[in-house]
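Hello,

Here is the structure we talked about handing over. My notes on it follow below.

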Amino acid sequence: HPTIDYQLGSVRDAFDFGPIVGISRRAALAALDKHGPLANQPWTGMYELRLKMSVDRLPFRIPEYLYTIHHPDVRPTGEKQLDYVDPRNEDLQRDCELVCTNYLRTIGAFLEPRFRPVPTPTTTFPVTASVIIPVRNRVKTVADAIGSVLEQKTDFPFNIIIVDNHSSDGTSHILAELSAKHANVHAMTPARTDLGIGGCWNHAVMSKQCGRYAVQLDSDDLYSGTSVLQQIVDTLQDGPYALVVGSYRLVDMNLDELPPGVIDHREWSHDNGRNNLLRVNGMGAPRAFDTHIFRANPMPNVSYGEDYCVAMRFSREYEVGRIYDPIYLCRRWEGNTDAALPIDIANTYDTYKDRLRTLEILARQQMNEKGHVG
């Protein structure tokens with residue numbers, strides 16, 4: 001069970017050091033003397049100690065197998081990653097947020113709740129909203145996803161942009177049939193063959209078919225009702241917000257609810273949400289972006305963490321709108337890419353997200369040094 005190196009952005013409380021950690025007593029006392037004593041909380045002692053110590057020196061990993069243990073938590077990664085939104089962990093998460101916030105203040109990466117106004121675009125758009133669906137080999141689910149969009153009732157024009165990333169299982173045939181039947185369904189296949197999910201998103205949003213707002217729908221998920229798109233666009237315009245994030249319900253392929261049920265990320269707050277975002281692994285779904293701003297800040301061309309990256313980037317400058325009603329059905333099935341990851345893949349993903357956090361912390365430090373708003 002290999003572990004990963006610690007970096008500046010490894011600020012999440014769930015960072016896995018393994019169960020054996022050596023701590024220099026002298027370094028610990030020096031950190032507490034310089035940055036203050038630990039809070040008298042039942043769960044956050046080690047988390048707070050390592051953040052205070054990491055201000056001046058980062059933990060060091062020994063990349064060797066040195067011990068054997070019996071590990072009690074054998075749940076798949078798809079279950080573990082949602083621990084921080086489990087209502088039973090609310091008190092723990094609140095305490096961890098306070099620890100992380102104080103750390104960000106110490107290192108000059110904390111952002112006060114001041115935001116840039118959303119700029120008015122200078123270009124015109126063919127429709128008000130575009131639902132973006134990247135897809136590769138989802139013959140069992142993609143028609144359902146598209147169908148849940150076609151059922152939307154809105155007072156504005158919208159379309160669906162499906163980026164077929166060179167499917168080989170019959171998905172392309174389904175998309176061709178739906179495009180021929182519905183004028184607002186646009187299926188496109190990029191010439192490039194090296195695109196991840198983020199690259200597919202960029203391909204769609206940069207296209208001339210993209211509307212004023214770009215709204216997310218994964219190819220194996222569904223909108224939960226016929227007014228979802230209207231609610232999202234209304235929220236974007238009411239802010240106005242550069243980014244709006246909804247809430248979702250975990251379900252199986254029969255649409256029966258799976259634990260922990262509704263994922264609404266109520267830990268988000270107006271004053272501290274974008275700071276706490278550096279601690280947690282995500283912010284919810286579906287996500288909807290101001291296309292004008294997205295085009296200036298596209299996603300990285302990867303298939304994991306691409307949405308987290310652009311959400312941090314947006315929140316660095318702009319206020320984020322939230323919808324806490326479950327407007328999205330996230331279907332868990334054997335084809336989900338993150339349902340049960342092997343340890344090497346999980347480590348790769350965690351390292352990448354920590355790297356994104358590292359870059360974001362550096363950018364926020366620089367912004368604070370220059371005195372920029374947002």
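**Arg50 and its surroundings**

Arg50 is buried (under 20% relative accessible area, 1.4 Å probe, protein chains only) but has no salt bridge (a side-chain nitrogen of Lys or Arg within 4 Å of a carboxyl oxygen of Asp or Glu). The nearest side chain of opposite charge is that of Asp13, 6.8 Å away; Lys and Arg count as positive, Asp and Glu as negative, and His and the chain ends are not counted.

This is a predicted model: local features need pLDDT of at least 70, side-chain atom pairs count only at pLDDT 80 or more, and totals for chains, interfaces and linings use all residues. Residues are numbered from 1 along each chain as its sequence is written, and side-chain values use heavy atoms, with hydrogens and water left out.

Arg50 belongs to helix H2; helices are DSSP runs (H or I, at least four residues) numbered from the N terminus. A polar atom of the Arg50 side chain lies 2.6 Å from the backbone oxygen of Arg12. Residues in contact with Arg50 (heavy atoms within 4.5 Å) include Tyr6, Phe15 and Phe17.

**Helix H1**

In H1 (residues 25–35), Ala27, Ala28, Ala31 and His35 are buried. Viewed down the axis of H1, the buried residues fall within an arc of 100° (taken from the directions from the helix axis to the C-beta atoms), so they line one face. H2 and H4 are among what covers them. On the other side of H1, Arg25, Arg26 and Asp33 are exposed (over 50%). Gly36, just after H1, takes a positive phi of about 100°.

Regards

Methods: Helix = DSSP H or I, 4+ residues; strand = E, 2+ residues; numbered from the N terminus. Polar contact = N/O pair within 3.5 Å; in protein donor to acceptor, adjacent residues only side chain to side chain. Lists of a residue's contacts leave out its neighbours within four places in sequence.
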